[in-house]
Amino acid sequence: MNVRPDFSKNSNMAETAPAFLSIYDMHSYYGESYIVQGVSFNVHEGEILALLGRNGAGKTTTLRSIARLDDPQVNQGEIWLDHQPLHLMKSHQASVAGLGLVPEDRRIIPGLTVEENLQLAQIAPPIGWSLDRLYDLFPRLGERRKQEGVTLSGGEQQMLAIARALARDIKVLLLDEPYEGLAPVIVDEIEKTLRHVKEQGMTTVIVEQNAVRALQLADRAVILDTGSIVFDGTAAEVLENEALRAEYLAI
Ligand SMILES: Nc1ncnc2c1ncn2[C@@H]1O[C@H](COP(=O)(O)OP(=O)(O)OP(=O)(O)O)[C@@H](O)[C@H]1O
């Protein structure tokens, strides 16, 4: 029944191919503060999209809006994931519909081991990657499976947060600042696993202050500035466009 997206004709989106995740004319508020101001973009199945912009541009607010969290409030717009209207759902329904958000603070559950954190994600169907498959992807987590999750290093906690999202049967992975505070060698490791996850067919949206690293990983990029989209194109175009990078990304 739920099969709406073909609003590309009456939007200003650059491309018109059918999308897997479609955001159309989304407006989001924190109370009276108007943050996301009519944002539309598409994410195609199997691609990695980098959502970039300066501090306060509205990237996290956009991710939280897509994930249907209570804050911010989305007062207008449509969000479709694989023909399902996320904009009509609460966060737990969006999660069942296949949305996997890895928040910036990672939300590792204190008092639980690495394995228990993963098992908790699989307490109810739909179940995604098996523990063995997750430990193949993140061998460090396998080695530390009996260790309390919150005692892991920052990089390992980030791996656990990503693994926990994949432990559920998700259609899209939303990553909020996955590289924040991590040493370059750990960023390399996480980047490698995200490439592997992409090879398995996963669709990913990555919000990252470290724009260069995100662009190296991503196929496409959307740049936000004060809650509006100022660029929608390929990651290569951003890397090649010095003026665009200087103006909106300060790199
Ligand atoms: N809970 C909140 N209540 C009110 N305003 C908020 C809240 N969270 C964020 N904001 C404001 O919304 C705007 C966009 O913030 P957002 O976190 O989405 O930006 P961002 O692009 O992700 O940047 P950053 O990397 O700094 O998090 C900012 O002006 C911020 O102060």
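How many bridges join strand S3 to strand S9, and in which direction do the two strands run? Four bridges connect S3 with S9 (residues 220–225), and the pair runs parallel, where strands are DSSP runs of E with at least two residues, helices are runs of H or I with at least four residues, and both are numbered from the N terminus. Two strands are taken to pair if DSSP finds at least two bridges between them. The structure is a predicted model, in which local features need pLDDT of at least 70 and side-chain atom pairs count only at pLDDT 80 or more, whereas totals for chains, interfaces and linings use all residues. Residues are numbered from 1 along each chain as its sequence is written.

Within the pairing of S3 and S9, Leu 49 has Arg 220 as its bridge partner in S9. S3 is also joined by four bridges to strand S8 (residues 203–207), again in a parallel arrangement, and the partner of Ile 48 in S8 is Thr 204. These strands belong to an open sheet of six strands with the order S6-S7-S8-S3-S9-S10 and mixed pairing. Strand S6 (99–102) and strand S10 (228–234) stand at the edges with a single partner strand each, so one side of each is left without a neighbour in the sheet. On average, neighbouring strands of this sheet are turned by 15° against each other, direction ignored; axes are lines fitted to C-alpha atoms, for helices over the stretch in contact, and angles run from 0 to 180 degrees between N-to-C directions.

The antiparallel component of the sheet includes S9 and S10, which are joined by six bridges, with Gly 233 of S10 as the bridge partner of Ala 221. The hairpin of S9 and S10 has two residues between the strands, and Thr 226 in this hairpin takes a positive phi near 35°.

Strand S3 (residues 48–52) is mostly covered, five of its five residues being buried; a residue is buried if 20 or more other C-beta atoms, placed from the backbone, lie within 10 Å of its own, exposed if 12 or fewer do, and partly exposed in between. The covering concerns both faces of S3, with Ile 48, Ala 50 and Leu 52 buried on one side and Leu 49 and Leu 51 buried on the other. Helix H1 lies across S3, S6, strand S7 (172–176), S8 and S9, and runs at about 150° to S7, a contact between two residues being counted if their C-beta atoms, placed from the backbone, lie within 7 Å.

H1 also takes part in the surroundings of the ligand. Of the 13 residues around the ligand, Tyr 30, Asn 55, Lys 59, Thr 60 and Thr 61 come nearest, and the elements that give two or more residues to this shell are strand S2 (33–43) and helix H1 (59–66); a residue is near a molecule or strand if its C-beta atom, placed from the backbone, lies within 6 Å of it. H1 gives the most to the shell, with three residues. By class, the shell has three nonpolar, eight polar and two charged residues, where Ala, Val, Leu, Ile, Met, Phe, Trp, Tyr, Cys and Pro count as nonpolar, Asp, Glu, Lys and Arg as charged, and the others, Gly among them, as polar.

Several backbone geometries call for separate description. Most residues other than glycine have a negative phi, and most peptide bonds are trans. A cis peptide bond, with omega about 0°, joins Asp 71 and Pro 72, and Pro 72 lies in the loop between H1 and strand S4 (73–81). The peptide bond from Pro 125 to Pro 126 is likewise cis, with omega near 0°, and Pro 126 is placed in the loop between helix H3 (114–121) and helix H4 (131–137). Asp 82, a residue other than glycine, has a positive phi near 45°; Asp 82 is found in the loop between S4 and strand S5 (84–85) and counts as partly exposed, with 18 C-beta neighbours inside 10 Å. Ala 250 has a positive phi of about 55° although it is not a glycine, and this residue, in the segment after helix H10 (242–248), is exposed, with 10 other C-beta atoms within 10 Å.
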